[in-house]
Amino acid sequence: MSNATRLVSLRAAALGYDGVAVLHSVDLDIGAGDLIAMAGPNGAGKTTIFRTILGFIPAIAGLLTRNCALNEFGYVPQSSALDSTFPITAREVVAMGGFGRLKPYEGLPAREKQRLHGVLEQVGLAHLADRSFFSLSGGQRQRMLIARALMVGPKILILDEPLSGVDPESQKAISDLLLKLNRDEGKAIFFSSHDLRMVRSVTDKVLRVDAGKVAWEEGSVAQHPW
Amino acid sequence: MVSFMEILSPSFLLFPALLGSAILALVCPLVGAHLMLRRRVFLGLTLPQIAACGVAATFWLHHAMGFDHGSGGERLLAMAGSLVFTLVGMGLLAYLDRHATGSPEGRLAAAYALASALTILFIVFNPAGELEILNLLKGEVISLSKDELKLLALVYGIIYVGLVLFRREFLLNSFDRDLSFLLTGGSVQWSLWLYVLCGVSIAVGVIMAGPLMVFGFMVLPPLAARTLARGMGSFLSLSSIIGLITAVLGFYLSVRLDLPLGPTDVAFGCVVIFAVYAVHAMLGRGGGLAKLLIFTLVLFAGCGARQPETPLDPALLGQGPIWLASVRNGTGADLRLPGTNPLRSLGEMAGKLSPDSRPTVMDLLRGSLQREFQQRQITVSLPEERDVRLLSLPFDGVSAAANARTANLSGWLWLSEIRRWQTDGRSPLRTVVEMRLVRIDNGAVPWQRQIAKTLPLVGAVRLDEISADAVSTILREAFGS
């Protein structure tokens, strides 16, 4: 992979919190157009890798290189991490993705409204835009959060457990959407799951995280399982 | 009795206080809504108490350094203390949130307890300014001067503009700090700005209106709005609108029922929450604005109705002599008027005259009533001149008439009771007087009036002068002339 196409790179990195490493010797490259899954049990350190790449926590040792700005990352957290007491509509949640382009006192311009409608159409949920975000099903909320990440106009999408806690139908819809974004728009996608069988069914580039180590797993997906 | 439309008139004496309440009610709910969204609503309780502690501490220091109370600039000093303590307290709490273990709620509760205790201790250390500090901590919006109102409008105006202009950034930062970090390059700066706006609004609000009113307006309107809102935009706007409705109607109730403003606003705010929940339960989901409209119309309809005042029928007074009973003091306060005669003062100082012999507001009112009847050519007598046991009559019509009959009185009894006669020398004189005309033969009460009046202290700052003005105003209202 050339430096030009490499979006994120970790070299011999030690990752963790407050100076205590939970992952050692992490080597990872994410290039434009990559679709990478990260699998491992809960608490193995998947979210730690995401948080380091996104700059929320510093790498304890080693080298982290980003070839795109932080506001070019589309981050999709687990929807359960968001506070359900907010009386917020799905449209308002998705619109947040465009806030980085707006001046503080600026209203939502027509181009942003158009873009908002576009990403809602893209995830197939435009008809639910005015519903309360927390009244949506788990799968619908995940797709709304993906729409929010797309609203950023990202070079790379990072998704924390997008397939967990949702029904099989939603899992299929989300997987299809990720594959479509990767194939048709060339977005780099890096997502995590604790379900190894599931990630194998979406991509053949699987990074296994377990017992403080990170290692590539060779596998292949001949065809989409659904 | 004051009508709803009267309190909205700029010529109404307490209109500046209404404006002050409205400003607080517009801005505090916005601040409180953000605290609520961040699950930091107890900050809205703890910070006002820390601000109050700052006021008490500053006054204690001021006194310890040898300055006298009443030397001017107390509000400015109190505001400085309030602001410094609030910002330092907030900084400390934020530091502990980041670096300490344990529950943030526990820390807030401990901080509240400590601030409350220190406030009382600082007041105890400084008895010279105790009354003054207590007045400041009570934060009577009623006594806001024009300059203070301007300051409140300026500070809260800036806070309001800040919260509206940066609403997106504050919302994003409260809802998803990680995304805020990615899109705006740092989440801490927006948290910091939000907390600074909260701190300043609390510090200034506590001085102007007291901790209770500030906390009430921060918490109650957003709680009610939460039920009606369908999105963040409507949540924030409804919080302010409900705050404003609560402030105006609470103010009206306070004036009409002669209740202290802060507790009335807070109690009414709670009623609003229950009413909103009830309307929501009845009408189901959706249509938040429509529900608010229905709710507001119902409330205002109740306020718009003006209770008809029964005029005193002159024909009644012509039916027999009037026995003018001593005016009762129902305030529990000493209503003796200050001495105006220097010889009398010398006599009191020399112990020749007892201060108890000084005239009271009750004497003033009774004397004025007597003159009023005499001017109307109505025969008026004093019951105790017939029988000394009638020097003090109960205010209840039946009992008073029974007492009068034992002394073979006939005709009418005029009973008066002062329910409120209050000023701290700075705020307007607030009075409530109730009068009754009682038929002696059966104890019937064909006429009675409760008259509440508030008089400014402009040009007449002595209690005897302002009291004389107040008595004239009350009699004009009672006799309709």
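**Notes on helix packing, cores and the chain contact**

1. Helix 8 of chain B and helix 10 of chain B lie roughly perpendicular to each other. Please keep in mind throughout that this is a predicted model. The angle between these two helices is about 110° and their axes are 9 Å apart, so the pair falls in the 65 to 115 degree range that counts as roughly perpendicular. Helix 10 of chain B covers residues 188–209, and its crossing with helix 8 of chain B is left-handed.

2. Which residues make that contact? Helix 8 of chain B brings B:Glu169, B:Phe170 and B:Asn173, while helix 10 of chain B brings B:Trp190, B:Ser191 and B:Leu194. Sorted by class, the contact of helix 8 of chain B with helix 10 of chain B holds three nonpolar, two polar and one charged residues.

3. Next comes helix 9 of chain B. Its buried residues include B:Leu179, B:Ser180, B:Phe181, B:Leu182 and B:Leu183. What do the buried residues of helix 9 of chain B pack against? Their partners are helix 8 and helix 10 of chain B, together with strand 5 (73–76) of chain A. After helix 9 of chain B comes B:Gly185, which has a positive phi, near 80°.

4. Now to where the two chains meet. In this contact, 20 residues of chain B face 21 residues of chain A. On the chain B side, the elements giving two or more residues are helix 8 (167–175), helix 9 (177–184) and helix 12 (232–257) of chain B. Helix 9 of chain B gives the most, with six residues. The side of chain B that touches chain A is made up of 12 nonpolar, two polar and six charged residues.

5. A second helix pair deserves a look: helix 3 (residues 43–64) and helix 5 (residues 104–125) of chain B, whose axes come within 8 Å and cross at roughly 25°. That angle makes helix 3 of chain B roughly parallel to helix 5 of chain B, because angles under 35 degrees count as roughly parallel. Helix 3 of chain B passes helix 5 of chain B in a left-handed crossing.

6. What is the make-up of that second contact? The residues where helix 3 of chain B meets helix 5 of chain B divide into 16 nonpolar, four polar and no charged. Among those from helix 3 of chain B are B:Ala52, B:Cys53, B:Ala56 and B:Trp60; helix 5 of chain B contributes, among others, B:Leu108, B:Ala115, B:Phe122 and B:Phe125.

7. On the nonpolar cores: in soluble globular proteins, nonpolar side chains tend to be buried together. Here the largest nonpolar core has 160 residues, and A:Val94 and A:Ile158 touch the most other members. Helix 2 (residues 15–37) of chain B supplies the largest share of this core, 14 residues. Leaving aside residues up to four places away in sequence, A:Val94 touches A:Leu116, A:Val119, A:Leu120, A:Met144, A:Ala147, A:Arg148 and A:Met151. A second, separate core has 32 residues, including B:Leu335, B:Val361, B:Ala400 and B:Ile474.

8. Finally, an overview of chain B. How many helices and strands does chain B have? There are 20 helices and six strands in chain B. Of the 481 residues in chain B, 41% are buried. Among contacts in chain B with a separation of 6 or more, 73% link residues 24 or more positions apart.

Notes
Residues numbered from 1 in each chain as written. Chains lettered and ligands numbered in written order. Predicted model: local features only at pLDDT ≥ 70, side-chain atom pairs only at ≥ 80, totals over all residues. Axes fitted to C-alpha atoms, helices over the stretch in contact; angles between N-to-C directions. Helix = DSSP H or I, 4+ residues; strand = E, 2+ residues; numbered from the N terminus. Parallel < 35°, antiparallel > 145°, perpendicular 65-115°, else oblique. Left-handed = near helix turned anticlockwise from the far one by under 90°. Contact = placed C-beta atoms within 7 Å. Nonpolar A, V, L, I, M, F, W, Y, C, P; charged D, E, K, R; others polar. Core = buried A, V, L, I, M, F, W, Y, C linked by C-beta atoms within 7 Å. Buried ≥ 20, exposed ≤ 12 C-beta atoms within 10 Å, placed from the backbone.
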